[in-house]
Amino acid sequence: MTRKVLLLPGDGIGPEITDQAARLLGACQTAGLDIDVEKALVGGAAYDAHGEPLPAPTLEKARAADAVLLGAVGGPKWDAVEDLSKRPEKGLLGLRKHLGLFGNLRPALLYPQLAEASSLKPELVSGLDIMIVRELTGGIYFGHPRGTEERDGERVGYNTYVYGEAEIERIGRVAFEMAQKRGGKLCSVDKANVLEVTMLWRDVMERLAPEYPDVELSHMYVDNAAMQLVRAPKQFDVVVTGNMFGDILSDAAAMLTGSIGMLPSASLNESGQGMFEPCHGSAPDIAGRDLANPLAMMLSVAMMLRYSLGETALAERIEAAVGRVLDDGLRTADLADDSARAIGTRAMGDAVLEAFAQQA
Ligand code: NAD
């Protein structure tokens with residue numbers, strides 16, 4: 001059956017890196033992958049064209065797709081848009097919400113060839129391979145009541161950190177299953193010494209644990225987890241946590257790998273449909289100059305093949321192709337020691353495609 005993939009290039013470097021992803025999808029089609037690829041506007045580009053960051057036709061196409069590949073959205077051009085609901089980021093949040101993408105997978109994987117690029121000593125990070133499973137549609141970012149109001153003559157801001165048992169169980173199962181497929185270790189991160197909502201989080205994780213006897217469950221307070229991530233990051237296999245803690249910890253973990261230009265991510269819903277995107281933003285400072293590293297985007301294609309389309313062999317072939325170009329010493333400017341020898345976005349795309357073809 002032909003599967004549908006929707007490409008949403010977005011803003012800034014989004015279109016440049018999405019072009020490389022589209023070429024890679026073409027190579028996968030040549031290798032036998034049966035997909036139908038469509039493109040649509042999102043973010044600032046959609047606002048400029050239609051006055052909406054998530055126009056109805058884009059959402060419709062996203063709903064109908066088996067998987068969505070998104071570049072990045074946002075940039076200073078739209079900072080002046082007064083109506084916050086029309087800002088580019090709302091396009092992304094709207095997609096997450098409407099597609100019910102509750103499970104965010106953020107791998108922090110350090111290619112051994114890039115160990116020197118990390119801010120930590122190579123021996124601490126060499127071989128690092130962590131998967132952070134972050135709950136994406138609940139928690140304090142979405143809880144009610146929320147707002148700012150006047151109380152006793154001063155302004156007060158407040159948010160609500162709330163999770164229901166079913167929401168915790170749903171993300172917990174994603175994490176336990178992920179740990180089963182990886183190293184069999186799951187660390188649940190909470191603040192159960194202070195926050196009732198995370199006491200419940202811990203209870204639910206404990207309740208699920210006997211169903212996964214092959215997974216070793218541990219718990220860690222979020223402050224300690226932040227410390228351990230920079231002290232001894234290789235102790236982690238799979239980490240599961242709520243929306244806000246996951247937001248912060250996954251960015252810290254990303255930086256351990258040296259470049260944000262290398263990291264893909266996946267956001268999945270209950271039916272296995274997913275949105276795949278690089279962890280970085282739209283990098284307006286380098287947009288349109290053939291400077292962006294397309295590898296996070298190309299590795300997002302691999303994640304899409306693995307997690308939404310069940311095409312593990314093709315996913316592995318892409319990951320091996322990326323390893324090969326790094327072995328060959330090819331680097332975009334964000335990874336290069338010597339920027340004079342760095343190659344551009346398109347040349348990096350060419351190299352991955354060539355390495356991919358050689359593995360046929
Ligand atoms: P950013 O990730 O866009 O850029 C941070 C730094 O990393 C910049 O110096 C940039 O040049 C560099 N960088 C990022 N991706 C790179 C790549 N592929 N290759 C080489 N260098 C790369 O973060 P920011 O500057 O904080 O945000 C810029 C815009 O992106 C903002 O409008 C922000 O809201 C938006 N944003 C979007 C997403 C998303 O679409 N998922 C995520 C984060 C930020």
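Let's start with the walls of the largest cavity: Ile-132, Val-189, Ala-225, Leu-229, Phe-236, Val-239 and Leu-249 line it. Please keep in mind that we are looking at a predicted model. The volume of this largest cavity is about 40 Å³, and the count of cavities of 30 Å³ or more comes to one.

Now for the nonpolar cores. The largest one has 89 residues, and the members that touch the most others are Leu-69, Phe-176, Leu-186, Met-262 and Leu-305. Helix α10, residues 295–307, gives this core its largest share, nine residues. And where does this core lie with respect to domain 1 and domain 2? It lies between them, because residues come from both domain 1 (1–102 + 271–360) and domain 2 (104–268).

Let's zoom in on Leu-69. If we set aside neighbours within four places in sequence, Leu-69 is in contact with Val-5, Leu-6, Leu-7, Leu-8 and Leu-25. The list goes on with Phe-276, Met-297, Ser-300, Val-301 and Met-304. Apart from the largest core there is another one, of 16 residues, including Leu-54, Ala-65, Val-73 and Leu-99.

Last, the cysteines. How many disulfides does a search of the whole structure find? The search finds zero. Take Cys-187, which is in no disulfide: the nearest cysteine sulfur belongs to Cys-279 and is 19 Å away. A disulfide needs the two sulfur atoms within 2.5 Å, so this pair does not qualify. Cys-187 counts as buried, at 5% relative accessibility. Cys-28 is buried too, with a relative accessible area of 0%.

That's my tour, and thanks for listening!

Methods:
Residues are numbered from 1 along each chain as its sequence is written. This is a predicted model: local features need pLDDT of at least 70, side-chain atom pairs count only at pLDDT 80 or more; totals for chains, interfaces and linings use all residues. Side-chain values use heavy atoms; hydrogens and water are left out. A nonpolar core is a set of buried Ala, Val, Leu, Ile, Met, Phe, Trp, Tyr and Cys residues joined through side-chain atoms within 4.5 Å. Buried means under 20% relative accessible area, exposed over 50%, partly exposed in between (1.4 Å probe, protein chains only). Helices (H or I, at least four residues) and strands (E, at least two) are DSSP runs, numbered from the N terminus. Domain bounds come from an automatic or database domain assignment. Contact means heavy atoms within 4.5 Å. On a 1 Å grid over the protein atoms alone, a cavity is a set of points where a 1.4 Å probe fits but cannot get out, and a pocket is an open set with protein on both sides within 12 Å along at least five of seven lines; lining residues have an atom within 4 Å of a point. Grid points are joined across faces, edges and corners, and a volume is the space filled by probe spheres set on the points.
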